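Hi everyone, thanks for making time. I'd like to walk you through a structure that is probably new to most of you, so let's get it up on the screen.

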Amino acid sequence: MKKNINVEITVISIVVVLAVALSLIISPEASLKAINGVFGFISTVFGTPLLWFSLACTVIGAYLAYTRYGKIRMGDEKPEFSLFSYVGMMICAGLASASVYFSFIEWIYFYTSPAQGIEPMSTLAAEFAPAYSFNYWGLLSWPPFVLAALPIAMSYYKRNNHGLRFSIVCEDLFDLKPQSVWGRIIDILFVITTLGGLSVTLGLGVPLISSIIAFIFGLTDGFVLQVCIVILIAVIFSLSSYVGIEKGMRRISDTNIYIAIIFVLFLFITGPTVFLMKYITNGLALAVHNYLPILFWTDPVNNGGFSEAWIIFYICFAVAYAPLMSLFITKISKGRTVKEMILSTVLGGSFGSILLFGINGGYGMYSQLNGKADIISVFKEGDAGKTVLTILTGLPVPLIISAIAVCVMLILILATSLDSASFSLAATATKNMGRNESPSPFLRLFWCIILALIPLGLMFAGAPLSAIQTVCLATATPFALVTIVFIWKSMKWFREEADKLSAPGILIQEEVIINETVIGGDRE
């Protein structure tokens, strides 16, 4: 089937990207100043409503999973991918390189500058550090992904709308004409929001990879090396997109999950095993017990900025990533029920986050507390790559081996992120796409190049973490409202499909599908 490119959406998106990227390159200081101004305004006006949005996503997701709506199946076929591959692709696409970056060093922020009036660098600060990470990368991050995906999946699989675009869902929900003005606005907002989310993961991941590669090969770390890394990632991504999600991305994500499991298990077994078990267990207990205090701590009296810098940022990061994740989750969820989609995304993603942050962060914390390395002093020098290498120095293997393992993991996870993002953007720019079709590999490669421009502009301008956070915050805020409206309006679809499940013929068909899934395994 010939792919029809939506020229209007593509051109407008390119103009926006080029305008932002060129402003960062031509006037970096003025651009960063403007970015900081946007951060202050949006975090002040929309910060607290975004906290309530996060809680709403978790509550609505639990409601849909554990009521009659959870039995609704996306399509009549059995699942395409095994549960391991299904969850693995979501973890690699959803966590992205930002998770690997923060898993090693995030505890430093919470240990040296804790929230809720806790004394810096105290025992309590050390014990609460993993609780914040587990919540930020767990229930705060994953529910918006699947909540944004559900209306798309219902439109794509149950209402047989051709094309994976938010505009199609919008037009169906509100009875608008095809190619309506509101539909085009939604698609353009989707593209801009996705660019904001990718700016975070590329803006953090590429400099870290660059620093580690410079150490491995004795090169000079800088912008030129970072551009070369982006090209390398694009090559890996191109090979993946050419062979398709079923073979390319699934194999990359599976390989990356295996590497990550081996790495964290090695760290767990050869490191302070007892400490890490206690660290994760205690941190998880504190995260569950203090879920609402952590989420809703806004510091209204002192206004220290912790909430804006971390809690609101992570919610915005999740919302900015939700558009691309929603289309990607929809594409790989054929044959899955609503309950499977929600639990696989939220619980699977949260479990992966807990292991990653608990073991990587716990090892760094242990090294600092027991005098193995002065990690905090190295971190204050402003080089995240050097900080990670300092943490890895304590492993019972040559530093270069552990550095290569982390570098490969980062490159593969970035390639997976670019693959899922470019798929979502190419699907949005494709007018008609059947259920068993995918966007053109060349169109996906084109969007991969476009995706890299803003992060490269930020790197060229020497943008600090706060500027990268602001790009995410500014682009994500409008899409939070879109997500809630879509879920609210699509409930009529859920009710219609749930009513159909009571028919005897449907119940028999569901039982056959479940038996085939259990007996038949994956569809290759």
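Let me jump straight in with the second largest cavity: sorted by class, its lining has 6 nonpolar, 3 polar and 1 charged residues. Before I go on, please keep in mind that this is a predicted model.

So who are those residues? The lining of the second largest cavity is made up of Phe 102, Ser 103, Glu 106, Trp 107, Ala 129, Pro 130, Ser 133, Tyr 279, Phe 357 and Gly 361. The volume of this cavity is about 40 Å³. Which helices supply at least two residues each to this lining? They are helix 3, helix 4, which runs 123-136, and helix 13, which runs 338-369. Helix 3 gives the most here, with 4 residues.

Okay, let's step back for a second. How many cavities of 30 Å³ or more turn up when the whole structure is searched? The search finds 3. The largest holds about 50 Å³ of space. Around the largest cavity you'll find Gly 94, Leu 95, Trp 137, Ser 141, Trp 142, Phe 145, Phe 317, Ala 318 and Tyr 321. Two or more of those lining residues come from each of helix 3 (83-112), helix 5 (142-158) and helix 12 (306-332). Helix 12 is the top contributor to the largest cavity, with 3 residues. By class, this lining has 7 nonpolar, 2 polar and no charged residues.

Now for helix 13 and how other helices sit against it. Start with helix 4. The axes of helix 4 and helix 13 come within 10 Å and cross at roughly 160°. Anything over 145 degrees counts as roughly antiparallel, so that is what we call helix 4 relative to helix 13. The crossing of helix 4 with helix 13 is right-handed. On the helix 4 side, the contact uses Ala 126, Ala 129, Ser 133 and Phe 134, and they meet Ile 354, Phe 357, Gly 358, Met 365 and Leu 369 of helix 13. Split by class, that contact has 7 nonpolar, 2 polar and no charged residues.

Next up is helix 10, residues 273-289. Its axis and that of helix 13 come within 9 Å, crossing at roughly 120°. Helix 10 and helix 13 are therefore oblique to each other. Helix 10 also passes helix 13 in a right-handed crossing. What does helix 10 bring to the contact with helix 13? Phe 275, Leu 276, Tyr 279, Ile 280 and Leu 284. Among the helix 13 residues they meet are Ile 354, Gly 358, Gly 361, Tyr 363 and Leu 369. In this contact I have 11 nonpolar, 3 polar and no charged residues.

One last thing to look for on the screen: Tyr 279 and Gly 361 are in the contact of helix 10 with helix 13, and Tyr 279 and Gly 361 also line the second largest cavity. That's it from me, happy to take questions.

How values were computed: Residues are numbered from 1 along each chain as its sequence is written. This is a predicted model: local features need pLDDT of at least 70, side-chain atom pairs count only at pLDDT 80 or more; totals for chains, interfaces and linings use all residues. Side-chain values use heavy atoms; hydrogens and water are left out. On a 1 Å grid over the protein atoms alone, a cavity is a set of points where a 1.4 Å probe fits but cannot get out, and a pocket is an open set with protein on both sides within 12 Å along at least five of seven lines; lining residues have an atom within 4 Å of a point. Grid points are joined across faces, edges and corners, and a volume is the space filled by probe spheres set on the points. Ala, Val, Leu, Ile, Met, Phe, Trp, Tyr, Cys and Pro count as nonpolar, Asp, Glu, Lys and Arg as charged, and the others, Gly among them, as polar. Axes are lines fitted to C-alpha atoms, for helices over the stretch in contact, and angles run from 0 to 180 degrees between N-to-C directions. Angles under 35 degrees count as roughly parallel, over 145 as roughly antiparallel, 65 to 115 as roughly perpendicular and the rest as oblique. A crossing is left-handed if the near helix is turned anticlockwise from the far one by less than a right angle, and right-handed if clockwise. Contact means heavy atoms within 4.5 Å.
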